[in-house]
Amino acid sequence: MPLINYVDASGNQFEAEVEVGSNVMQGAIDNMIDGILAECGGACACATCHCYVDAAWQDKMPAIESAEQDLLEAVVEPKDNSRLSCQLVVTEDMDGLVVHLPASQY
Amino acid sequence: MQGNCIIIGASHAAAQLAPSLRQEGWEGRIIIIGDEPHAPYHRPPLSKTFLSGEKTLDQILIRPLAAYDKIDAEFILGQRVKHIDRAQKTIQLDNGDTLEYEKLALCTGSRPRQIPLPGVELNGVHYLRTVADIEGIRGDLKGDPSSARVVIIGGGYIGLETAAALNKLGVNVTVLEMMDRILQRVTAPVISDFYHRVHSEAGVNIQTGMGVDAILGDGKVNAVQCSNGEILDADVVIIGAGIVPNTELAEAAGLDIDNGIAVDAYAQSSDPDIVAAGDCSSYPHALIGSRVRLESVPNATEQAKTAAASICGKQIDNHSHPWFWSDQYDIKLQIAGFNMGYDTVLVRGDKNSRSFSVWYFKGDQLLAADCINQAKEFMQAKQLLTKGINPSPGHVCDPDFDLKSLLA
């Protein structure tokens, strides 16, 4: 299973094995990693699973669709590498992916 | 040595309470008791992607079972709690087993409001709240859904989401709403009109101001008799008439009840060893300014965190505004805030399009916004509410005005 690395705003690192076909948000929820709230459970409705994809991985991520784009524009501290982790469906190629979690989802 | 924390109800709230208890430092056993045979699952997809068959039960579990193993939370599933003995600090299950608790969390949720119609007991008549309900509906529709006729009684969010999901499967759907518009209890007329139009365009037959006199059939439903005497053929009838909180257990135990299990802002009930969270509870909401019972997933999750802290002797203030969402067809409705008591409704954007928002005010105070395919404005409304900023009518009604500038 691909290993995903979550780095919280204080620099603490958490590793989690996440099944192919699941997503980066669910990986955090399944492993009780704080920093991802995921209030809507992955329906792309709330923007409380915001994360920053590590620069080295940005071009390996799926394209951003319009609903996600709209939400991303309004998150706290949006950056070029902002994504909603519920939209990052895990593939074999994502083994080793590093995502950084924001200090707050609100 | 800490004793047991028992969570009654394998619900959204329970799925959050258990890990939050460990984070807050609870070292005793955590036992989650549910009357359904399933670990906590996401209920919102039931009327959407689970009904349409796009998602399976495994895909809608809030967390996999392994996640609960990791935090050492146990389940007793397929069992109801029939009695709480507060003096002995025990609960009794349907199977007769008695369990001791040190702390008890009531996450009993809610159930569909039953309507006393003749024929409601016929096969093919369903409510919609659980996985079993959906399996029943899907079982009755098997074969060729495009030849099936479904009558939905109730034009609220559940009824309308169900209509959209079934319409996508090719089912012939009629929605009967007793009031003079759909969504009357929860939104302004402009939103009701919008969804009425969208459903009509998709081919769903919506009839407002239409009550039901009886459900007809012989063992199995075959028609619905409307209040105007009209008889509508039906293979399946789905009733969506709102929900009622499951308070009976708490009431029998002598806890305070006030439109739900009455708890304080810290999810504490009238018994210091019992908390309650989610749909089953009402609490004084600091931002809304009155006691409310919120029927929403984000509320259940937030309140569960508060409840976990209370169990561990800590008080955390919940300062988040409620929010809700509804998916129908290609339309994502996101609601920021709670519009109870509004006196003014402003529309931002073109209400005849498929992307606009509706803003609710009481005097100058912003209460809520219904955002249709307007995720950005939803996020802005949420932030305006959180910061207590009240945009002027001129700014709200001018879609070219950037609301974000008010947040700086």
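**Exercise 1. An edge of the chain A sheet**

In E4(A), which residue is the bridge partner of Cys51(A)? Work out where E4(A) sits in its sheet and what else its bridge residue does.

*Solution.* Keep in mind that this is a predicted model.

Step 1. Start with the pairing. Strand E3 (residues 50-53) of chain A runs antiparallel to E4(A), and three bridges hold the two together. Look across from Cys51(A) and you land on Arg83(A), its bridge partner in E4(A).

Step 2. Now zoom out to the sheet. It's an open one with five strands in the order E2-E1-E5-E3-E4 (chain A), and the pairing is mixed. Strand E2 (13-17) and strand E4 (82-84) of chain A each have a single partner strand, so they are the edges, and one side of each lacks a neighbour in the sheet. On average, neighbouring strands here are turned by 35° against each other, direction ignored.

Step 3. Go back to Arg83(A) and follow its side chain. Arg83(A) makes a salt bridge with Glu68(A), with 2.8 Å between the closest N and O atoms. Glu68(A) belongs to helix H2 (residues 66-72) of chain A while Arg83(A) is in strand E4 of chain A, so this pair ties together parts 15 residues apart in sequence. Over all chains, the salt-bridge count comes to 23.

**Exercise 2. A three-stranded sheet in chain B**

Take the open sheet with the order E4-E5-E6 (chain B) and trace it strand by strand. Which strands are at its edges?

*Solution.*

Step 1. Begin with strand E4 (residues 81-85) of chain B and strand E5 (residues 90-93) of chain B: they run antiparallel and are joined by four bridges. Two pairs give you the register. Val81(B) faces Leu93(B) in E5(B), and Ile84(B) has Ile91(B) as its bridge partner.

Step 2. Check the turn. The hairpin of E4(B) and E5(B) has four residues between the strands, and Lys89(B) takes a positive phi near 55° there.

Step 3. Move on to the next pair. E5(B) also pairs with strand E6 (residues 98-100) of chain B, again antiparallel, over three bridges. Thr90(B) has Glu100(B) in E6(B) as its bridge partner. This hairpin too has four residues between its strands, and Gly96(B) in the turn shows a positive phi of about 95°.

Step 4. Put it together. The sheet has three strands and antiparallel pairing. E4 and E6 of chain B are the edge strands, each pairing on one side only. Neighbouring strands are turned by 20° against each other on average, direction ignored.

**Exercise 3. A hairpin with a short connection**

How many residues lie between the strands in the hairpin of E13(B) and E14(B)?

*Solution.*

Step 1. Find the strands: strand E13 (residues 212-218) of chain B and strand E14 (residues 220-226) of chain B run antiparallel, with six bridges between them.

Step 2. Pick a pair to fix the register. Gly217(B) is opposite Val221(B) in E14(B).

Step 3. Read off the turn. There's one residue between the strands, and Gly219(B) has a positive phi near 80°.

**Exercise 4. Where chain B meets chain A**

Describe the contact between chain B and chain A, and say which element of chain B gives the largest share of its side.

*Solution.*

Step 1. Get the extent. Chain B brings 26 residues to the contact and chain A brings 23 residues. Together they bury about 2000 Å², with 54% of it on carbon and sulfur atoms.

Step 2. Look for specific links. One salt bridge crosses the interface: Lys376(B) with Glu73(A), where the closest N and O atoms are 2.8 Å apart. There are also eleven residue pairs in polar contact across the interface, both residues at pLDDT 80 or more.

Step 3. Assign the chain B side to elements. Those giving two or more residues are helix H1 (12-24), helix H3 (65-70), helix H8 (297-311), strand E22 (323-328), strand E23 (331-337) and helix H9 (375-387) of chain B. H9(B) provides the largest share, six residues.

Step 4. Finish with composition. The chain B side splits into 13 nonpolar, four polar and nine charged residues.

How values were computed: Residues numbered from 1 in each chain as written. Chains lettered and ligands numbered in written order. Predicted model: local features only at pLDDT ≥ 70, side-chain atom pairs only at ≥ 80, totals over all residues. Heavy atoms only, no water. Contact = heavy atoms within 4.5 Å. Buried area = accessible area lost by both parts, 1.4 Å probe. Salt bridge = Lys/Arg side-chain N within 4 Å of Asp/Glu carboxyl O. Polar contact = N/O pair within 3.5 Å; in protein donor to acceptor, adjacent residues only side chain to side chain. Nonpolar A, V, L, I, M, F, W, Y, C, P; charged D, E, K, R; others polar. Pairing = 2+ DSSP bridges. Axes fitted to C-alpha atoms, helices over the stretch in contact; angles between N-to-C directions.
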